[in-house]
Structure formats: structure tokens, C-alpha cells
Amino acid sequence: MKSLVRMFVLVLVAAFALMYLTSYLNSSEGYSGGRTLTVYNWGDYIDPDLIAEFEEESGIKVIYQTFDSNEAMMTKIEQGGTTFDVAVPSEYAISKMKAEELLLPIDHAKLANLSHIDPQFMNLSFDPGNEYSVPYFWGTVGIVYNPALVDGLEFHSWNDLWDPRLHNQILLVDGAREVMGMGLNSLGYSLNDTNEEHLQAAKKKLTELTPNVKAIVGDEIKMLLANEEAAVGLVWSGDASEIMDENEELDYVVPDEGSNLWFDNMVIPKTARNVDGAHRFINFMLDPEHAARNTEYVGYSTPNKDALALLPEDISGDERFYPSSELTRKLEVYDNLGKKMLAHYNELFLEFKMHRK
Ligand code: SPD
């Protein structure tokens, strides 16, 4: 009997020791070889050389994972069981994650490079005082098109996309707010509209676009448009810039009715195990030389004024991707519409996608 008890105690001690060791190794503060940082970012949204340089400089191993929509990212963090140290949500997602207490406060004292951010990107309404987030990239939503493939069509209005000459020629980015937003904007409604009649009208309008829609896709939209597999795309501005780098024939416009102005910021989710490493990583990305290289690599617009000054004029002076304040004033930022309404936008988008099948 005594030996049975001894065995039981030994097993218990071994289990506790194993649990302690596992959590120590996973924790950032552990021995240097075991220090890790888990970064959760959009696909194609960082220069991989910068990750390698950060690892070299800090001795921290980066585990890098990607997502393709705010909704997917939030669901994963909400569900728990993850250990993300840094994530990159857009503004309405930041506001929602803050409300759901999914974020840790940012310690500005640890971010010497925060001073390089242009003040116009700081202190925005979705995160007053940047208590929980730090600017990474920003941009617009618009139409990228290949003039040689659109039969003389010009794109001043979202409604131009409904032209029958574009049969099976349009690719849409796989984003509920972007696609629903296009439907709403085309009818003159706000991107943040919550009126059920307007939302149903937007979905109906989108279903009428179906004959022109070739596919609804993720990051492959860039390759498909650059390779001229379709003539037109509903895209984020940075993707347009990357596509146009690959194929100079294409152009990008923001329709006259207006569109979306968005901001992707770095945050530290509540799941973080390496809060200090997260600050080091964020500060590293804010360094002007690193931010400039990242901007050149991914093609998106940087909010870092000192990085912008390092970029060639053909990038920093391109008004399609660094629009004037006159244009940005016409654009709308997505609001956090609340859990229920955001789920409803997703549902309507899904119904539109199902209708295509
Ligand atoms: N491939 C990187 C895509 C990043 C786009 N973020 C835009 C979010 C707009 N709400």
C-alpha cells in the first residue's frame, strides 16, 4: 500500500515538474534559447528578411502565423487556446477587441520609435491615446483595372462595375465589409449602415453583379490580376500597388461616391506570453529604416513619416496610394458595429457568395 502511495506522489511531482517546465520554456522570460514570440499577421504583410533580422538582433525566435480576414483573426483569439504576442487587426476590429477585453495596454515608454509615426495616424477614434495599438499600414479600398481589357470603360463610380461588358471579368477580395461596403456605397449608403432595408438592398444589388464576378479570392487576387486572368478587381490599395509593380498596364481608382479608409495597427493580445518581446518587435518595426524596407516589400502605405522620407519619390509621391487629404475626407472608416451587426454583415456576404454557386 505504502509503495502505491509513494508511486502516486512521484507521478504527481513529475506531472507538476513537466507542467512547470513547459510553461517556463514557452514563456518569454525563459532561458534565451527558448524565447519565442508568436506574431499573427495578414498574409503577405511583412518582409521576411525583417523577421530574420529581428531574431538575430533580439535572440528571440519568431513563430509567424497568418490570417486573411479580421473576422477569422478575432474568432481565433476569442476562442482561446492561442498564444499570440502580436497581432495586426484593422480599426473596427481593434475597437471590438478592446470592448471584449482581448487586448493588453501598450507601454509607450518601451517604444522609442513611436515618435516616427505621423501624428495624423495617432490618437484616432478607435483607440484614443493609442493605449492599445500602434500604426502599421493604412490604405483605401478601390478598383484596380486593366485598361486594355475593359473595352474603353472608365471607373468613376462603383456602379460602373455592373456594366455587362465586364461579364466574368471581376475579382472581389474575400472581405465581408469590403464587398458589402461596395454594395452599400453603390446605392449611396454608408459603409456603416445598419438599416435592414438598406442592407438587404445592398445584398440584392450584389447578387445582380454575379454575372460579372469571376471569383472571390484572398491574396491570390494579386497574381490573378497581374497575370491578366481578369480585367478588374475590388482590392485594398496596397494590393493594387503590388499588382501594378508586377504589371504596369494596370491602374487604381477610388470611385467618386467614396470608399473605405482603413488602418491596420499592431496590438498585443491578451493571449501574449512574451509582452516584453512584443514591445521589442513593435519598436523594431517602427524603426524608419525597417518600416521603409517593409513598405517597399509589401507595397502598402506607411504611417511612419520618417520611413516615408526614405522612400523614392515614385512611391511617396504617388497620390493613388498616398491620397490627398481632400480625398481622404470623402472616405469612411469602418465603425465597430457590434458583435451582432458584424455577424449580420458576414451572413449577408455569405448568402451572396452562396448565391453565386
Ligand atoms: N495582404 C495584406 C492585406 C492586409 C489588408 N488589410 C486591410 C484591412 C482593411 N480593413
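In this predicted model, the lining of the largest cavity draws at least two residues each from β5 (134-145), α9 and α10 (288-298). The space inside the largest cavity is about 70 Å³. Its lining counts 13 residues, and those nearest the centre are P135, Y136, M285, A291 and T302. Sorted by class, the lining of the largest cavity has 9 nonpolar and 4 polar residues, with no charged ones.

There are 2 cavities of 30 Å³ or more. The second largest cavity holds about 40 Å³. Around the second largest cavity you'll find V141, W158, R177, E178, G181, M182, N185, L191, S259, N260 and Y334. Helix α5 gives the largest share of that lining, 5 residues. Charge does turn up here: the lining of the second largest cavity splits into 5 nonpolar, 4 polar and 2 charged residues.

Now for the open space. The largest pocket comes out at about 480 Å³, with 31 lining residues, and W42, D68, S69, D174 and W236 are the closest to its centre. Several elements, α3 (70-79), α4 (91-99), α5 (176-186), β10 (261-266) and α14 (339-356), each put at least two residues into the pocket lining. The largest share belongs to α14, with 4 residues. By class, the lining of the largest pocket is 12 nonpolar, 8 polar and 11 charged.

Here are the linings by residue class:

| Site | Nonpolar | Polar | Charged |
|---|---|---|---|
| Largest pocket | 12 residues | 8 residues | 11 residues |
| Largest cavity | 9 residues | 4 residues | no residues |
| Second largest cavity | 5 residues | 4 residues | 2 residues |

Back to α9, which also packs against another helix. Which residues of α2 meet α9? They are L50, E53, F54, E57 and S58, and their partners in α9 are G277, R280, F281, F284 and M285. Counted by class, this contact has 5 nonpolar, 2 polar and 3 charged residues. M285 does double duty, as one of the α9 residues in contact with α2 and one of the residues nearest the centre of the largest cavity.

As for geometry, a packed pair of helices is described by the angle and the distance between the two axes. For α2 (residues 48-58) and α9 (residues 275-286), the axes come within 11 Å and cross at roughly 125°. That angle falls between the 115 degrees that ends the roughly perpendicular range and the 145 above which a pair is roughly antiparallel, so α2 and α9 count as oblique to each other. The crossing of α2 past α9 is right-handed.

Definitions and conventions
Residues numbered from 1 in each chain as written. Predicted model: local features only at pLDDT ≥ 70, side-chain atom pairs only at ≥ 80, totals over all residues. Heavy atoms only, no water. Axes fitted to C-alpha atoms, helices over the stretch in contact; angles between N-to-C directions. Parallel < 35°, antiparallel > 145°, perpendicular 65-115°, else oblique. Left-handed = near helix turned anticlockwise from the far one by under 90°. Contact = heavy atoms within 4.5 Å. Nonpolar A, V, L, I, M, F, W, Y, C, P; charged D, E, K, R; others polar. 1 Å grid on protein atoms, 1.4 Å probe; cavity = no way out; pocket = protein on both sides within 12 Å on 5 of 7 lines; lining within 4 Å. Points joined across faces, edges and corners; volume = space filled by probe spheres on them.
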